[in-house]
Amino acid sequence: LTPRPSGLQPPEVPVNDDGVTDLKDAYPVLDVVIPTFDNGLPTDKAVVTFDGKPQTGIPTDGTSEVIVSVPFADVALGGDGPREATVTYAIVRNGKEFPGPTGVTVDIDFTIPGPSNPQPDPDLGNPNLGELVVKGSSKDDELVEDDIGTDVDIDLDLPTGLKATDVITLVWEGQKVAAPEGVYTVTGLEDPDFKVPLTLKSEVFETTKNGRKTARYVITNPANGENENPSLPTPVKVAIYPVSLPAPVIQHLYTNPGGIVYLNCNSLRDIPVIGSAAVVRVAGGGSLVADMKLDFVWSRSKLEPGAPDIEDYTFEKQLQGSEHLNGFEVYLPFADALRPIKDGNGKIVYSTVIDGDTHSSAEQAVRVVVADFDGKYCDGSTGA
């Protein structure tokens, strides 16, 4: 025999400052807090009933608050409102319920201005609202270097079903764009072919830099509290700042009296683990960032007429520590990267993905001679 749960307090439901539970409070879940109580056991469960629908029990021993997350679908069962919903709970022990002394009444308002939204996830947006178009200087939904310093027009038809005092606000990368450029209040007198006068200011998109960005708009109205009717997102490619990748530079090259630069046997160095190899130095800085993955390609060919093609020698480099700032070295192993050329040409370049696009460094081309006239290679070997 143990004492029954006691000291039960009413549940708590966080709400906005206006005392109303709106869409932002309830999606994806509405949290109901069960206060601490006395005489709890580890096997007890707190079972919340939201507007008549019981929720899954959450274990509690009463010594700390318990949060019961009510799914949006259950919160919205009673309609958009405005309406009231009753929230109660019981501590369940061995199948026996010990109800809280009193529940709480929650004011719910999920109404939105404009067309209805069958999709409760605000990140996905309302399929009944058309997408906007960002009118970049080069093409739609793309911003380039020439757009810097320019306020970019937004092409948007007035959505159907709006009324006077509805407010349309431009949203860039999740942040609302301030009035007057980013806000339009519907008058109700707009022509059928009216275009909503929204503008994306240069300082707004310059702040978020390069990358794949998102533009959209939300419809609000003071009568609907903080509820928003969000449009579908418009993906926007932003490449307003040039990408700078330090070039790969082959070290210890030989220049003959005629000014021709060679990668030859004198260019090789003995590298631990790797063995004999040409050293390639890449300075730090530019658009390199920590932990970036670089894909190197060493293209090669023989001078001998009719010689078969030589497959590219490729390798990856994952930047470590401060290599993106201080620079780093990579290597062209003699046996795998240089010997197949014998007498010919090589070219090295690397590429990497930045903000969703692949960018390449400048390439270095060099004459390669790693065998003498007698066919003897740098490592003393002979043959093909």
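# Contacts, Strands and Pockets

Trainee: What does Phe296 touch in this model, leaving aside its neighbours within four places in sequence?

Mentor: In this predicted model, and with those neighbours set aside, Phe296 is in contact with Pro248, Val282, Tyr313, Thr314, Phe315, Lys317, Phe328, Val330, Ile348, Val349 and Tyr350. These residues are called contacts because they have heavy atoms within 4.5 Å of those of Phe296.

Trainee: Which residues touch the most other members of the largest nonpolar core?

Mentor: Phe296 is one of them, together with Leu263, Trp298, Leu332 and Leu338, in a core of 31 residues. At least two residues of this core come from each of β24 (275-282), β25 (293-302), β26 (313-318), β27 (328-333), α5 (334-338), β28 (343-354) and β30 (364-369). Another core lies apart from it and has 24 residues, including Val152, Ile154, Tyr217 and Ile219.

Trainee: How do you know that β25 and β26 pair?

Mentor: Pairing calls for at least two bridges, and β25 and β26 have six, in the antiparallel sense, so they count as a pair. Within β26, the residue that stands opposite Phe296 is Phe315. The strand β25 also pairs with β28, again in the antiparallel sense, over eight bridges, and Trp298 has Ile348 of β28 as its bridge partner.

Trainee: Why is Ser351 called buried?

Mentor: Ser351 has a relative accessible area of 18%, and the word buried is kept for values under 20%, so this residue meets the cut-off. Ser351 has its place in strand β28, and, not counting residues up to four places away in sequence, it touches Lys293, Leu294, Asp295, Thr358, His359 and Ser360.

Trainee: What makes the side chains along strand β6 (residues 66-71) an alternating set?

Mentor: Val66, Val68 and Val70 point to one face and are buried, while Ile67, Ser69 and Pro71 point to the other face and are not buried. This agrees with a general pattern, since in a regular strand the side chains alternate between the two faces of the sheet. An antiparallel arrangement with six bridges joins β6 to strand β2 (residues 29-34), where Leu30 stands opposite Val70.

Trainee: Which strands are called edge strands in the open sheet β10-β12-β16?

Mentor: The sheet has three strands in that order, with antiparallel pairing, and β10 (133-134) and β16 (199-200) are its edge strands, each pairing on one side only. Between β10 and β12 (residues 152-155) there are two bridges, which satisfies the requirement of at least two, so these strands pair. One of the links is between Val133 and its bridge partner Asp155 in β12.

Trainee: How much space lies in the largest pocket, and what lines it?

Mentor: The largest pocket holds about 600 Å³ of space, and of its 28 lining residues the closest to its centre are Leu23, Pro120, Pro122, Glu228 and Pro230. Two or more lining residues come from each of α1 (23-26), β13 (167-172) and β17 (211-220), and β17 gives the most, with three. By class, the lining has 13 nonpolar, seven polar and eight charged residues.

Trainee: Which residues line the second largest pocket, and how do they divide by class?

Mentor: This pocket, with about 200 Å³ of space, is lined by Lys342, Asp343, Arg367, Val369, Ala371, Asp372, Phe373 and Gly375. They divide into three nonpolar, one polar and four charged residues, and Gly375 falls in the polar class because Gly is counted there.

Terms used: Residues are numbered from 1 along each chain as its sequence is written. This is a predicted model: local features need pLDDT of at least 70, side-chain atom pairs count only at pLDDT 80 or more; totals for chains, interfaces and linings use all residues. Side-chain values use heavy atoms; hydrogens and water are left out. A nonpolar core is a set of buried Ala, Val, Leu, Ile, Met, Phe, Trp, Tyr and Cys residues joined through side-chain atoms within 4.5 Å. Buried means under 20% relative accessible area, exposed over 50%, partly exposed in between (1.4 Å probe, protein chains only). Helices (H or I, at least four residues) and strands (E, at least two) are DSSP runs, numbered from the N terminus. On a 1 Å grid over the protein atoms alone, a cavity is a set of points where a 1.4 Å probe fits but cannot get out, and a pocket is an open set with protein on both sides within 12 Å along at least five of seven lines; lining residues have an atom within 4 Å of a point. Grid points are joined across faces, edges and corners, and a volume is the space filled by probe spheres set on the points.
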